[in-house]
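Colleague: Got a minute to walk me through this one? I'd like to go over the confidence, the helices and the strands.

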Amino acid sequence: MQRRERGAAVVDFVLVLVVLVPLFLGVLQVALVLFVRNTAANAAADGARYAATADRDGGDGILRTRSLLQGVLASRYAEQVRYRQVLVDGAPAAEITIHLSVPALGLGGPAIEFDVAAHAVEEQP
């Protein structure tokens, strides 16, 4: 009987590995996308608050957002940062929008594209 079961552990290991490796890589990819999204959301919010201060303008907010993104993520994530003035409940506000493209399969493959935006009511002098 023992001769017939020789190698069964290797087969069982491979069968379990075929299921666990894609599952682990999927969880890792979701974590990467969420990390990039949360980092971009925080950078956009800080950039909008910075642009909304009385002595700053939209260009300062864009530079602040890009600086924060480049400090944590790759510099390609800081390329598509936009600023515009909007009204939030009738009050003038600064809006920073970041367009992101995160690879869906780790380092390669098709990308997941989304926008992250943040608003801050502008200070009045």
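Modeller: Sure. pLDDT is the predictor's confidence in each residue, from 0 to 100. We need that here, as this is a predicted model.

Colleague: OK, what does the protein chain average in pLDDT?

Modeller: The average pLDDT of the protein chain is 89, and 95% of the residues score at least 70.

Colleague: Which elements have the lowest and the highest mean pLDDT?

Modeller: Strand β3, residues 108-121, has the lowest mean at 89. Helix α2, residues 58-72, has the highest at 95.

Colleague: And what's the caution where pLDDT is low?

Modeller: Predicted coordinates should not be read in detail where pLDDT is low.

Colleague: On to α1. How many residues does it have, and what span should they give?

Modeller: Helix α1 runs over residues 8-52, so that's 45 residues, and at 1.5 Å a residue they should span 66 Å. The C-alpha atoms at its ends are 66 Å apart, which agrees.

Colleague: Where is the kink in α1 centred?

Modeller: On L17, and the kink is about 30 degrees.

Colleague: Which residues of α1 are buried?

Modeller: The buried ones are Q29, V33, V36, T39, A40, A43, A44, G47, A48, A51 and A52. As a general point, an α-helix has 3.6 residues a turn, so residues three or four places apart point the same way.

Colleague: What about G26, buried or partly exposed?

Modeller: G26, which lies in helix α1, has a relative accessible area of 32%, so it is partly exposed; buried would need under 20%. The C-alpha atoms of G26 and A104 are separated by 9.6 Å, with their positions 78 residues apart along the chain counted as the separation.

Colleague: Now α2. Is L69 buried or exposed?

Modeller: L69 sits in helix α2 and counts as buried because its relative accessibility is 0%. Its C-alpha atom is 17 Å from that of E113, and the two residues are 44 residues apart along the chain.

Colleague: Switching to side chains: how many aromatic pairs does a search of the whole structure find?

Modeller: The search finds 0 aromatic pairs.

Colleague: So what sits over the ring of Y50?

Modeller: The charged end of R64, 5.6 Å from the centre of that ring.

Colleague: Let's do the strands. How many bridges join β1 to β2, and do they run parallel or antiparallel?

Modeller: 8 bridges join them, and the two strands run antiparallel. Two of the partners in β2 are I98, which stands opposite V81, and A94, which is the bridge partner of Q85.

Colleague: What's in the loop between β1 and β2?

Modeller: D89 is in that loop, between β1 (81-88) and β2 (91-105). The hairpin has 2 residues between the strands. Phi of D89 is near 55 degrees, a positive value in a residue other than glycine.

Colleague: Is D89 buried or exposed?

Modeller: Exposed, because its relative accessibility is 82% and the cut-off for exposed is over 50%.

Colleague: Last one: where is A111, and how far is it from I98?

Modeller: A111 is in strand β3, and at 43% relative accessibility it counts as partly exposed. The C-alpha atoms of A111 and I98 are separated by 15 Å, and the residues are 13 residues apart along the chain.

Terms used
Residues are numbered from 1 along each chain as its sequence is written. This is a predicted model: local features need pLDDT of at least 70, side-chain atom pairs count only at pLDDT 80 or more; totals for chains, interfaces and linings use all residues. Side-chain values use heavy atoms; hydrogens and water are left out. Helices (H or I, at least four residues) and strands (E, at least two) are DSSP runs, numbered from the N terminus. The expected span of a helix is 1.5 Å times one less than its number of residues. The bend at a residue is the angle between axes fitted to the seven residues ending there and the seven starting there. Buried means under 20% relative accessible area, exposed over 50%, partly exposed in between (1.4 Å probe, protein chains only). Two strands pair if DSSP finds at least two bridges between them. Rings of Phe, Tyr and Trp (its six-membered ring) pair if their centres lie within 6.5 Å; planes under 30 degrees apart count as stacked, over 60 as edge-to-face and the rest as tilted. A charge sits over a ring if NZ of Lys or CZ of Arg is within 6 Å of the ring centre and within 35 degrees of the ring normal.
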